[in-house]
Amino acid sequence: MHCPSIVSIKGFSLSSVNGNSSIGFYPIIFLEYLANGTLSNLLYKKENETILTDTKKYIIILGFTLGMYRLHKKGIIHIYLKPDNIFLDGNYYPRIESVGTATNLPLNPQDCGITYAAPEAIEGCQPSFKM
C-alpha cells in the first residue's frame with residue numbers, strides 16, 4: 001500500500017547483511033530513512049519547544065490521522081500505534097511504522113503486552129472502524 005503517511009519499504013534481503021550464515025536465517029526489510037527519528041524522541045528533547053511550532057504539531061497530527069484513516073479504509077487496525085512508531089522525515093512530516101504488526105483480527109491487548117491501546121480494546125470490545 002502506498003501512502004505518504006506510512007513508512008515505505010525500499011527492499012528486502014533473504015540473506016544476512018554481512019554474509020555470515022552461522023548466525024541463522026534472518027531476512028531483512030529495508031525501510032525509507034527518516035532523518036528526524038521518532039515522535040517519542042522529539043517529545044523528550046529539551047529543544048522541542050523551538051522545533052515544534054504550532055504548524056508542525058498540526059502537520060504531525062493531521063499526517064498520522066490521515067495514515068490511520070487510510071489503514072482503516074483498507075480494514076487494517078494498527079494495534080501498536082504510539083509515539084515510538086511515528087517517524088518524522090526531514091520536514092517533520094510523520095510516517096507510521098510497524099504496520100506489519102497491524103491486524104484485522106480481534107485480539108486482547110493484555111495478552112500482547114501493549115502499553116498504548118484504545119479504551120474499547122482494553123475493555124475487550126471488538127475493534128471498530130467508526131471515526
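**Exercise 1. Determine which burial class is shared by arginine 95 and glutamate 32, and how their side chains are related.**

*Solution.* Arginine 95 is buried, and glutamate 32 is buried as well. The structure examined here is a predicted model. For arginine 95 the relative accessible area is 15%, and the class of buried residues covers values under 20%. The next step concerns the side chains: those of arginine 95 and glutamate 32 meet in a salt bridge, with N to O at 3.5 Å. Arginine 95 belongs to strand S4 and glutamate 32 to the loop between S2 and H1, so the pair ties together parts that are 63 residues apart in sequence. In general terms, side chains of opposite charge can pair when their charged atoms come close.

**Exercise 2. Identify the network of salt bridges to which Arg95 belongs, and describe the other surroundings of arginine 95.**

*Solution.* Begin with the second partner: aspartate 89 forms a salt bridge with arginine 95, and the closest N and O atoms are 3.3 Å apart. Aspartate 89 counts as buried, at 11% relative accessibility. Glu32, Asp89 and Arg95 are thus linked in a network of salt bridges. Next, consider the backbone: a polar atom of the arginine 95 side chain lies 3.1 Å from the backbone oxygen of proline 4. Finally, when neighbours within four places in sequence are left aside, the contacts of arginine 95 include Ser5, Ile6, Leu34, Asn85 and Phe87.

**Exercise 3. Locate leucine 34 and state whether it is buried or exposed.**

*Solution.* Leucine 34 is found in the loop between strand S2 (28–31) and helix H1 (39–43). Its relative accessible area is 9%, so leucine 34 is buried. Leaving aside neighbours within four places in sequence, leucine 34 is in contact with Val7, Phe87, Leu88, Asp89 and Arg95. A further step compares positions along the chain and in space: leucine 34 and glycine 90 are 56 residues apart along the chain, while their C-alpha atoms are separated by 6.7 Å.

**Exercise 4. Explain what is notable about the phi angle of tyrosine 92.**

*Solution.* Most residues other than glycine have a negative phi. Tyrosine 92 is not a glycine, yet it has a positive phi of about 70°. This residue sits in the loop between strand S3 (86–88) and strand S4 (94–96). With 13% relative accessibility, tyrosine 92 counts as buried.

**Exercise 5. Describe the salt bridge between aspartate 54 and lysine 57.**

*Solution.* The structure holds three salt bridges. In one of them, the side chains of aspartate 54 and lysine 57 meet with N to O at 4.0 Å. Both residues lie in helix H3 (residues 54–73), where they are three residues apart, about one turn of the helix. Aspartate 54 counts as exposed at 63% relative accessibility, whereas lysine 57 is partly exposed at 41%.

**Exercise 6. State which residues make the nonpolar surface patch.**

*Solution.* Ile9, Phe12, Leu14, Ile29 and Leu31 make a nonpolar surface patch of about 560 Å². Strand S1 (9–13) and S2 are the elements that give two or more residues to this patch. Leucine 14 lies in the loop between S1 and S2 and is exposed, with a relative accessible area of 55%.

**Exercise 7. Give the order of helices and strands along the protein chain.**

*Solution.* The protein chain has five helices and four strands. Along the sequence they follow the pattern β-β-α-α-α-β-β-α-α. Of the 131 residues, 30% are buried. Among contacts between residues at least 6 apart in sequence, 61% join residues at least 24 apart.

Notes. Residues are numbered from 1 along each chain as its sequence is written. This is a predicted model: local features need pLDDT of at least 70, side-chain atom pairs count only at pLDDT 80 or more; totals for chains, interfaces and linings use all residues. Side-chain values use heavy atoms; hydrogens and water are left out. Buried means under 20% relative accessible area, exposed over 50%, partly exposed in between (1.4 Å probe, protein chains only). Contact means heavy atoms within 4.5 Å. A polar contact is a pair of N or O atoms within 3.5 Å; within protein, one must be able to donate a hydrogen and the other to accept it, and residues adjacent in sequence count only if both atoms are side-chain atoms. Patches are made of residues with over 30% relative accessible area and no salt bridge: like charges are joined within 9 Å, nonpolar side chains (Val, Leu, Ile, Met, Phe, Trp, Tyr) within 5 Å. Accessible areas come from the Shrake-Rupley method with a 1.4 Å probe; for residues, only the protein chains shown count as cover.
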